[in-house]
Every structure is written in C-alpha cells, then in structure tokens.
Amino acid sequence: MKPILECRGLTKKYGSTFALYNLNIALERGQIIGLLGPNGSGKTTLIKLANGLLRPSGGQILINGSEPGVETKKIVSYLPDRNYLGKHMRVDEIMAYYNTFYDNFSLERASGMLDALSIDPRARLSSLSKGTLEKVQLILVMSREADLYILDEPIGGVDPAARDYILHTILTNYNENATVLISTHLISDIENVLDHVIFLKSGQLVLNASVDEIRTQHRKSVDALFREVFKC
Amino acid sequence: MPWELDNDRPIYLQLMERIQHDIISGVYKPGDKIPSVRDLALDAAVNPNTMQKALSELERNGLVYSQRTSGRFITDDEELLKNMKMQLATEHIRQFFEQMHQLGFSDDETLQMIQETLRREKQ
Amino acid sequence: MLGKLLKFDLKYGMKVFILLHVIIVFASVLGRLIFLDPLSFSNPDGALVSQVVLFSSAIFFLLMAACFCTWLIIAFRFYRNLFTGEGYLSWTLPASGIQHLWAKIISGCIWYLLNCFIEAGCVLFLVSGSNVTEACSHIAPEVTAELGIPLSTFALVLFLLMLVSGPVSVIQTYFCVVIGQLFPAHRILGAVAAYFVSSFVIQILSFVLQMGTGLLPEAFFIAQTGSDTQFATYFFATIGFSCIMMFIIAIIQYCVIHYIMKEKINLL
C-alpha cells in the first residue's frame, strides 16, 4: 500500500528564502503523528502543500500516491490554522455546505457533537466566541470519514478544558486506518496521544521517530528532547 | 480523567503497569471483560495504538486473553495472578532497598529499622 | 460539482442583489407615476427641458449605481471566496481550479445579465407612458434622419452591446483579481494596477487599430462628409470593431486566468 503522505525532495521557496528544503518523509496509515517545530520552521508550509494551497518549488508531495488534486481532496480533511469560514454563514448553513461537497461528511455526527456542546445551529458564525468557533471548525473537520486528517495548530491558544475536549474529539472520531497529522509547538499537551513525531527546523527534517523509540533511546519525553534540539 | 504518566519511560510500559495494578487492586476481577482498546485509550487520553500495544504485551504475559468475537478478558488463572502479585511485591522491595542503600543504610540496618517501625506502630 | 459550486455562488449575493433591484424597480415605478405621467410635452418650455434633464440624470445615476453594485458583488465573491481565508475551504473542496473558475464566470454572467434585463425593463417602463411615446413619435423622423437609424433600433443595439459586454467585464474583473493574486503582499493593489495597466494597453491597442482601419472619428467624418447616414455607418462600424476587440481580449484574458488558476495558485 502506498504511504498516505509522501514527500520526495520537497522544496518550497518564498522569494529567495527556503521555507522547506529537500524534505523526504513518508507517513504510515493508522497513526497519529505530531508535526513539531518552532514558529517559522515550515510546518504550515508543508501542510498547505499537502492541501494544494501552495505549489512546490521543487520535488514532489504525494497523497495516497497522487499529487494534490480533486481526488486527494476527497480523502483529506483539513483544519487550517486560521478562521476560514465565511462569517456571514450560520452554523447549519456551513454544515449543509460540508454535506454538499464532501461525500464522506456525516451530518448526523456533526449535529450530535454540536448538540453536546449546546451550540445553536441557527447562530451566525460571526456571533460565536473564538473558542466556540474553533470547536465548530474541529467538529466539521472530524465529522468527515477521511483517510488523512491534517490539523494545523488545533490546540494553539485554547484553555486546558478546551484542549482536553479537542484531543478527546480527535481520538473519538478518527478511524483506525486513518492517519492524523497534528502540527503544534505545544508538545507536552499532546505527547501521550502521538505514535510518531516529525521535527522540523528551518525547513529541514531533524528527527523522524516513534514516541516510544525516543523515550527508550533518550530516556526523556519528546517535550524534553524538543527543548534540547531547539534550544535558543 | 487522563491517567498520570511519567515523561521518561515508554508510555505502553506505563499503561501495562497501570492495568496490572488495577487487576491486583481489584478494579478488574479474574475473568472480567475489560473495556475496548478505544474506550481504554479515551479514558487514559492516550493513542489507541499505544493502548493496543500495552494490551498485546499483557496478552503475551498471559494476564489477559482475547476471544475473537467477544473481546478481551482478565485471566482466571489464579496461580498466574498470584505470581504477578509476588513479582510486583518483589520489585517494590528491591526498589526500596536500593533507595535505602543510596541513603547509606546496609540491608541489616534497614531490616532492623523496618521491625522497629512495625513494633512502634503496633503500640 | 460545477452545479453545486454555482448554487452557493448564486446564493451568496442574492439578498443584496434583490434588495438593490427592488429599489431601482420601485424608483422607476415612482418616477413614472409621480413625475413622468403628469408631464405634458405638447408645449415644451425651458422649465420642462431642465426638469427632464435632471430626472434622466437621476435615473441614469441610479441605474449606474445598481450596475456598479452588481459588479462589486461579483468581484467580491470571486476575491473573498478564493483568495482570502475562505479560500482555504474553497480550494480544499474536491473541485478543480477550472471548475471554480467556471462557476464564478457563469454566476457572474447570470448576475450581470439579470441586472441588464431589469435595468432595461425599468427604462422601458419609464418611457412607455402614452405622453412620452407620443412626444417621441413627433421627433422620430428628425432623430432617424440625424442617426440614420430609428431611435428604437439604436436603443436595441445599445442593449445588445450591454449584454455582450457583461461576460467580457466579468472576465476582465477576474483577470485583474487573479493577476493581483500573483503579488501576495499587495493583492488588491496588484488587482487595481492590473486593471489600469490592462486598460491602458487595450486603449493604446484600439487606438492603433482604429488608425490602421480608418475608424478614428475625425478621419471618418472627414472622409464621408455630406452623407446622411454617416452616423449610423460609423456607429455600426465602431460597434463591430469593439465587439471583435472585446471578444479577442476576453479570450486572451481567459487563457491567462485559466493558466493561473490551474498552475499558479499560492495561498499565503
């Protein structure tokens, strides 16, 4: 079986600076993978390349063996690191939107999760608080039966209770053959749910290992290792 | 409530220990069905694959056995459970003596102190 | 997929569009009932002329404003839906860039044409009162002589020209937005610059071509002095010329948009 995501010599330049340089990785199926690195290390660039929002300057990025396109977008569920929903829409309208465009979206699952949080489906997105909006976005993304979930900073800037809710939602909703790629710089918060971690530094790969390997070999947590690798 | 886990050891080892502890302390009785991997993982707030690995290891040790359709059960082999209990107890004692060594007490001194402590508590 | 995209594109500006056109239809009805119908054209004087000029200017301004707002809806939808935060969702839908482009072109044309028809309807309603048609029929021979064609034909041709220029201006708008997108730090500025630069190039080009084909007004009228139908001939010649120009330019601009939407999308 082809890897769900594969980078071959992937390079992205903005002007004359390299955001990613000659990246080679392959992600396995059925894993939760942490994409870790400080700000500006190329995490979001990699994610946007995987979603076809950016075009590589060199090399290739393949999702299930094909370059990002209509077919890959059907199987990738993506949570951007910013508010990406039209503010003029209502919660039920945006759900209808997802339901229209994604065959693998479960309206039932999404409604269930919104109900559990007692979010009014008739509420306008512009009237929701920042935290609630982030939860709605996560619910939309996790209500798809995707092969690859790409979550860009899902726990950045939320309180500990919201963070627990988010991790719980991810763990409950992804299916066992799917891969979840989570980018973050808050490692200690999600370390326990990760199988595997990828460290990026200045657009290059510094580490690609399983959490158990790191703990057995280095006798320290991924978080501690991260602090060591990226010491200022 | 997420389980409390240390930072410096593989997570699956800690999950194994926690489940072993639950078996000994009676949270699970011999022959009991244990929750599914996913439920356990959610409860512990860990990755389901890691929980799976922990349970597979416990299966290898014989503490847990799986029936193809109905799930995983705690062994009802009393002998095995007793052995595990003994093994854990031995481990605790060994660690205790090691710590006492670090404090500078010999085994004999330690033993004496234990007896004295027990005597005092009885009074 | 195209149908689904189209549905949401049309839904987007519907409220504003309807509101806008209800206003102009309402204004036209009011204008006719309150202003035009009571007018008598049998003994024209200076006051009547200035009143009519003022009224026509107001209606003209209103219609232009509705047209401009329709254009704004089209331009905003394209820009916001594809090149702002919303683009993160749009571009990750299982649709190709070309499907997005066509959904936007078709929805833009629908808005534009609807606007044309409603505005034409308003004008038609305004001038269809018996007092106005009678007044027109009095001066019709004179106008026909001056223009070389009847006023109604002239209006019809103008209307058809407006219909044709709809899709062309939609493509021109998208062209500018897409070019602006190539300069991530200054997207809107880039779009405005693209507009001025492309308009300038088109002006120069059409001037040069007009020179070449002898269609410049001065040259034309000097060459054809004395003919009764000179205006009509010139009018049709220019319209034919500009239609061909518009068509060619729109095709070139479409090719550029097509290429960029397919190969050069970088959402920063």
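Below are three exercises, with worked solutions, on the contact and the salt bridges of this predicted model.

**Exercise 1.** Describe the contact of chain B and chain A, then the side of chain B that takes part in it.

Solution. Start with the residues: chain A gives 22 residues to the contact and chain B gives 18 residues. Next comes the area, about 1,600 Å² buried between the two chains, with 45% of it from carbon and sulfur atoms. Eleven residue pairs are in polar contact between chain B and chain A. On the side of chain B that touches chain A, at least two residues come from each of α1 (11–24), α2 (37–44) and α3 (48–61) of chain B. The largest share, four residues, belongs to α3(B). By type, that side of chain B has eight nonpolar, five polar and five charged residues.

**Exercise 2.** Find how many salt bridges cross the interface of chain B and chain A, and describe one.

Solution. The rule finds two across this interface. One of them joins the side chains of Lys53(B) and Asp212(A), at 3.4 Å from N to O. For the whole structure, the search gives 23 salt bridges over all chains.

**Exercise 3.** Classify the partners in the salt bridge of Glu93(A) and Arg90(A) as buried, partly exposed or exposed.

Solution. The two side chains meet at 3.8 Å, N to O. The cut-off for buried is under 20% relative accessible area. Arg90(A) has 16%, so Arg90(A) is buried. Glu93(A) has 22% relative accessibility, so Glu93(A) counts as partly exposed. Both residues belong to a network of salt bridges that also links Asp92(A) and Arg122(A).

Notes
Residues numbered from 1 in each chain as written. Chains lettered and ligands numbered in written order. Predicted model: local features only at pLDDT ≥ 70, side-chain atom pairs only at ≥ 80, totals over all residues. Heavy atoms only, no water. Contact = heavy atoms within 4.5 Å. Buried area = accessible area lost by both parts, 1.4 Å probe. Salt bridge = Lys/Arg side-chain N within 4 Å of Asp/Glu carboxyl O. Polar contact = N/O pair within 3.5 Å; in protein donor to acceptor, adjacent residues only side chain to side chain. Nonpolar A, V, L, I, M, F, W, Y, C, P; charged D, E, K, R; others polar. Buried < 20%, exposed > 50% of the residue type's maximum accessible area, 1.4 Å probe, protein only.
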